[in-house]
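Trainee: I am new to this structure and would like a close look at one part of it. Please take the pairing of two helices and set it in the context of the chain.

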Amino acid sequence: MGCNKYKEAANLLNDALAIREKTLGENHPAVAATLNNLAVLYGKRGKYKDAEPLCKRALEIRENVLGKNHPDVAKQLNNLALLCQNQTKYEEVEMYYQRALEIYEMKLGPDDPNVAKTKNNLASCYLKQGKYKEAEILYKQVLTRAHEREFGAINGENKPIWQVAEEREENKSKNRENTPYGEYGGWHKAAKVDSPTVTTTLKNLGALYRRQGKYEAADTLEDCALRSKKEALDLVKQSKVAKILGVSDENRRQRMKDSDSYDEEGKRSQK
C-alpha cells in the first residue's frame, strides 16, 4: 500500500471509529472490529507500538461482550500476540498464544484448523527464543493429530511421519535405501485437516531437524511437504478443469435445448 493510500485508509478508519463510538457506544462489537482493522493497518506499516493499545482495547471489548472464552476473543489474542512478537515481547506472546490455544481447543475441538495454526504460531515464538524442544513438541502434536485423522490410531505399524523420519535418521547408516513412506503425501485429502498448516508444519519441523544435524529426518519431512503441496495443486487444477468442463457441458445442453425449442416453433409455424 502506497503512503498516500495508507494515510487515506488510516483517516477513514479513524473517522469510522469516532462515528461508531458516538452512535453505538465505546464498547460495541463494531467499535472492536474497527479498532482491530486500524491495528492491523498500523501493524502492516510497522507501527507496532501504535497498533498494540488498539488491539488490546478491541480484546477488552470482545471479552466483555462475547465472554472471555469466545473464539473471536482467541482470534484477537492471535493478532495481539503477533504485534508483540514483532516487538520481541516473547513472554507476552507466549501468554496470548497459549490462551488462544486453550480457547480454540475448548470451544472448537482439537481438530479445528485454528488449533494447528496457533500451535505453529506458538512454536515460531519458541524458536525465536531458542526453545527448540518446546517447538518440536508442538510440531509433533500437529502432525500426530493430522495422522490420526487420516490413518487412525497410532500403533507399531501405523506411525506418524515424524516418527518415520526419526527412524530413518537412526537407521541411515544401516540401510542406505531406507523404508518407503509413499502414503504420507496424501494428507491433503483428509477433509478435517487444514493441509496448508500441515505442510507448513512439515517444513518447520524439517528445518528444525536440519538445525539439529538430523539431515535424513529433515529430507524425509521436506520431501513429504513438497509432495503434499504438489498433490494439493494437482487437485486444484483438476477441480478447475472439471468446473470448466461442467460449464461447457451446461452451455452445450442449453444450446441443444434452444435448438429443440426453435425446431418446435418452426414446426408449429409450418402448420
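Mentor: The answer goes from the whole chain to one helix pair, and then to two single residues.

This is a predicted model, in which local features need pLDDT of at least 70 and side-chain atom pairs count only at pLDDT 80 or more, while totals for chains, interfaces and linings use all residues. Residues are numbered from 1 along each chain as its sequence is written, and side-chain values use heavy atoms, with hydrogens and water left out.

The chain holds 10 helices and zero strands; helices (H or I, at least four residues) and strands (E, at least two) are DSSP runs, numbered from the N terminus. Of its 271 residues, 37% count as buried, where buried means under 20% relative accessible area, exposed over 50%, and partly exposed in between (1.4 Å probe, protein chains only). Among the contacts (heavy atoms within 4.5 Å) with a separation of 6 or more, 59% come from residues 24 or more positions apart.

Now the pair. Helix α3 covers residues 48-66 and helix α4 residues 71-85; their axes come within 9 Å and cross at roughly 165 degrees. Axes here are lines fitted to C-alpha atoms, for helices over the stretch in contact, and angles run from 0 to 180 degrees between N-to-C directions. The crossing angle makes α3 roughly antiparallel to α4, since angles over 145 degrees count as roughly antiparallel, under 35 as roughly parallel, 65 to 115 as roughly perpendicular and the rest as oblique.

On the α3 side, the residues that meet α4 include Tyr48, Ala51, Cys55, Leu59 and Leu66. Among their partners in α4 are Val73, Leu77, Leu80 and Leu83. Charged residues take part as well: the contact of α3 with α4 divides into 11 nonpolar, two polar and five charged residues. In this count Ala, Val, Leu, Ile, Met, Phe, Trp, Tyr, Cys and Pro are nonpolar, Asp, Glu, Lys and Arg are charged, and the others, Gly among them, are polar.

Two residues elsewhere complete the view. Asn204 is found in helix α9 (residues 195-211) and is partly exposed, at a relative accessible area of 25%. Leaving aside neighbours within four places in sequence, Asn204 is in contact with Asn120 and Tyr139. Asn120 is 84 residues from Asn204 along the chain, yet their C-alpha atoms are separated by 8.6 Å. Glu216 lies in helix α10 (residues 215-270) and is also partly exposed, at 22%. Glu216 and Lys172 are 44 residues apart in sequence and 7.2 Å apart in space, C-alpha to C-alpha.
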